[in-house]
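Here are a few exercises to work through with the model open in your viewer. Try each task before you read its solution.

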Amino acid sequence: MIRLRPVTEADVPALERQHSGPDDAGEMGWYGFKEPGRVARRVAAQETMTNERGMLAVVDDHDAVVGDVSWIRSFNGPPPNGDCWNVGIWLLPEHRGKGYGSEAQRLLAAYLLEHTFLERIEASTEVGNIAEQKALEKAGFTREGVLRRACFRGGEWRDMVVYSKLRGEP
């Protein structure tokens with residue numbers, strides 16, 4: 001069983017691991033080194049939850065961090081109501097493959113639909129990331145299509161699968 005909660009200073013060492021190298025980031029999550037301390041700076045500046053983006057810790061029954069979920073406002077159509085949330089997830093390597101990803105994404109979608117007015121939540125993953133596609137479908141997201149050459153990783157352009165969940169969908 002997992003739950004979501006605000007990120008605390010105590011969570012920073014675990015969450016910084018996603019930027020430390022390919023082993024912790026995961027095969028589909030490594031996009032090169034990022035500036036060290038980026039999670040710590042967001043926490044210190046109290047910028048983990050704003051009107052434009054957010055981040056919550058994914059924790060287990062003992063309140064131990066297993067990863068994070070995040071979201072950012074994304075433009076899809078003309079203002080003022082064309083925005084949606086684009087969501088992402090990262091789990092510590094030792095917690096992958098336990099079903100936490102689908103549950104965390106389901107909880108995040110429910111949270112965003114309950115506490116914000118945006119109608120649409122999007123998520124995308126590389127075509128080859130079958131585990132994430134299954135997790136999104138299990139979390140109630142609908143596969144919409146493929147964006148060709150939408151992501152550059154590992155020295156090459158890759159296709160991405162787009163998923164969505166709309167207000168009122170189970």
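**Exercise 1. Place V146 on the buried-to-exposed scale and describe its surroundings.**

Keep in mind that this is a predicted model.

Step 1: V146 has a relative accessibility of 40%. Buried means under 20% and exposed means over 50%, so V146 counts as partly exposed.

Step 2: Find its element. V146 sits in strand β6, which covers residues 142–153.

Step 3: List the contacts, skipping neighbours within four places in sequence. That leaves V127, D159, M160 and V161.

Step 4: Check a pair across the chain. S124 is 22 residues from V146 in sequence, and their C-alpha atoms are 9.1 Å apart.

**Exercise 2. Work out the strand order of the open sheet and find which strands stand at its edges.**

Step 1: Walk across the sheet. Its seven strands come in the order β1-β2-β3-β4-β5-β7-β6, and the pairing is mixed.

Step 2: Look at the ends. β1 (3–6) and β6 each have a single partner strand, so each has one side without a neighbour in the sheet.

Step 3: Add the twist. On average, neighbouring strands are turned by 35° against each other, direction ignored.

Step 4: Check the pairings one at a time. β2 and β3 are antiparallel, with seven bridges, and M55 faces S70 in β3. β5 and β7 are antiparallel too, again over seven bridges, with T125 opposite V161 in β7. β4 and β5, by contrast, run parallel and are joined by two bridges; here N86 stands opposite E122 in β5.

**Exercise 3. Trace the chain from β4 to β5 and give the handedness of the crossover.**

Step 1: Follow the path. After β4 the chain goes through α4 and then into β5.

Step 2: Read the hand. This β-α-β crossover is right-handed.

Step 3: See where the helix goes. α4 lies across β1, β2, β3, β4, β5 and β7, and it runs at about 150° to β4.

**Exercise 4. Find the residues that touch the most other members of the largest nonpolar core, and say where the core residues come from.**

Step 1: Start with the members. The core has 24 residues, and V87, I121 and F141 touch the most others.

Step 2: Sort them by element. β2 (53–59), β3 (65–75), β4 (83–91), α4 (100–115), β5 (120–126) and β7 (156–166) each give at least two residues. The largest share, six residues, is from α4.

Step 3: Zoom in on I121. Beyond four places in sequence, its contacts include W85, V87, L112, F141 and Y163.

Step 4: Don't miss the other cluster. A second, separate core has eleven residues, among them V7, L15, V59 and V65.

Step 5: Tie this back to a strand. Six of the seven residues of β5 are buried.

**Exercise 5. Classify the ring pairs W30–F33 and W71–Y111.**

Step 1: Count what is there. The whole structure holds three aromatic pairs.

Step 2: Take W30 and F33. Their ring centres are 4.9 Å apart and the planes meet at 85°, so the pair is edge-to-face. F33 itself is exposed, at 63% relative accessible area.

Step 3: Take W71 and Y111. With centres 6.1 Å apart and planes at 50°, this pair is tilted. It links strand β3, home of W71, to helix α4, home of Y111, across 40 residues.

Step 4: Compare the accessibilities. W71 is buried at 6%, while Y111 is partly exposed at 26%.

Technical notes. Residues numbered from 1 in each chain as written. Predicted model: local features only at pLDDT ≥ 70, side-chain atom pairs only at ≥ 80, totals over all residues. Heavy atoms only, no water. Core = buried A, V, L, I, M, F, W, Y, C linked by side-chain atoms within 4.5 Å. Buried < 20%, exposed > 50% of the residue type's maximum accessible area, 1.4 Å probe, protein only. Helix = DSSP H or I, 4+ residues; strand = E, 2+ residues; numbered from the N terminus. Contact = heavy atoms within 4.5 Å. Pairing = 2+ DSSP bridges. Right-handed = clockwise from strand over helix to strand, strands pointing away. Phe/Tyr/Trp six-rings, centres within 6.5 Å; stacked < 30°, edge-to-face > 60°. Axes fitted to C-alpha atoms, helices over the stretch in contact; angles between N-to-C directions.
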